[in-house]
Amino acid sequence: KQKPLVKFVLLPLVIGLFLGGSVLGTIAWNSHQAALEYAAEAQKHHPHPGDDVAALIDFFQTDSHPLKDRNRAVWALGRWSDPRAIQPLQAAYTGLPCDHDTQLCQYEIHKAILRCGGNAERPPESFHRASAR
């Protein structure tokens, strides 16, 4: 009588938990690796030996870098969750709808500020440009 319970309930549950944990672990590892890559790129342009957060801050604040790369630096700062990034992120935060062609992604800045322990006033739903109807 217990065999069907093990076969049809517990075994799939254990396998599901293992696979789910593996997927989440892989996503977290890939995310961490990407943040390390962005920090290494920032260090090339703005060396701060042993301080990736400072390099990322300098990188995202420098207008001569491509906007896409600066947005990646903002994302990486959010992954680092370092409170030192709050003030520079808030200085770049306008709260206006995102315009990815001309300015830093306000949604990414908003998320990074929150992850670093800061306060961002505007709800994320309002960042995306209204679609033409």
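Good morning. I begin with leucine 13, which counts as partly exposed because its relative accessibility is 48%; here buried means under 20% relative accessible area, exposed means over 50%, and partly exposed lies in between, with a 1.4 Å probe and protein chains only. Leucine 13 is found in helix α1, residues 2–45. Helices are DSSP runs of H or I with at least four residues, strands are runs of E with at least two, and both are numbered from the N terminus.

Before going further, I should state that this is a predicted model, in which local features need pLDDT of at least 70, side-chain atom pairs count only at pLDDT 80 or more, and totals for chains, interfaces and linings use all residues. Residues are numbered from 1 along each chain as its sequence is written, and side-chain values use heavy atoms, with hydrogens and water left out.

Leucine 13 also belongs to a nonpolar surface patch of about 510 Å², made together with Phe8, Val9, Leu10 and Leu17. Such patches consist of residues with over 30% relative accessible area and no salt bridge; like charges are joined within 9 Å, and nonpolar side chains (Val, Leu, Ile, Met, Phe, Trp, Tyr) within 5 Å.

Let me turn to the chain as a whole. How many helices and strands does the chain have? There are five helices and zero strands, and along the sequence the pattern reads α-α-α-α-α. Of the 133 residues, 32% count as buried. The accessible surface comes to about 8,600 Å², and 60% of that belongs to carbon and sulfur atoms. These areas come from the Shrake-Rupley method with a 1.4 Å probe, and for residues only the protein chains shown count as cover. Among contacts with a separation of 6 or more, 51% are between residues 24 or more positions apart; a contact means heavy atoms within 4.5 Å.

I move now to helix α3, residues 67–80. Its 14 residues should span 20 Å at 1.5 Å a residue, and the end C-alpha atoms are 20 Å apart, so the two values agree. The expected span is 1.5 Å times one less than the number of residues. Which residues of α3 are buried? They are Leu67, Arg70, Asn71, Ala73, Val74, Ala76, Leu77 and Gly78. Just after α3, serine 81 takes a positive phi of about 55 degrees.

Arginine 70 deserves a closer look. This residue of helix α3 is buried because its relative accessible area is 10%. Leaving out residues up to four places away in sequence, arginine 70 touches Phe59, Phe60, Gln61, Thr62, Asp63, His65 and Leu104.

One of those partners, histidine 65, lies in the loop between α2 (52–61) and α3. Is histidine 65 buried or exposed? With a relative accessible area of 11%, histidine 65 is buried. Apart from neighbours within four places in sequence, its contacts are His45, His46, Phe59 and Arg70. The C-alpha atoms of histidine 65 and histidine 45 are separated by 9.5 Å, although the two residues are 20 apart along the chain. With histidine 46, the side chain of histidine 65 makes a side-chain polar contact at 2.8 Å. A polar contact is a pair of N or O atoms within 3.5 Å; within protein, one must be able to donate a hydrogen and the other to accept it, and residues adjacent in sequence count only if both atoms are side-chain atoms.

My last topic is charge pairing. Side chains of opposite charge can pair when their charged atoms come close. A salt bridge is a side-chain nitrogen of Lys or Arg within 4 Å of a carboxyl oxygen of Asp or Glu, and by this rule the count comes to six.

In helix α1, glutamate 41 and lysine 44 meet at 3.3 Å, N to O. Glutamate 41 and lysine 44 are separated by about one helical turn because they are three residues apart. Glutamate 41 is partly exposed at 32%, whereas lysine 44 is exposed at 64%.

In helix α3, arginine 72 and aspartate 69 form a salt bridge at 3.5 Å, N to O. Both count as partly exposed, arginine 72 at 30% and aspartate 69 at 28%.

In helix α5, residues 106–115, lysine 111 pairs with glutamate 108, the closest N and O atoms being 3.0 Å apart. Lysine 111 is partly exposed at 30%, but glutamate 108 is buried at 17%. Glutamate 108 also touches Val74 and Trp75, not counting residues up to four places away in sequence.

Finally, Asp51, Asp82 and Arg84 are linked in a network of salt bridges. Thank you.
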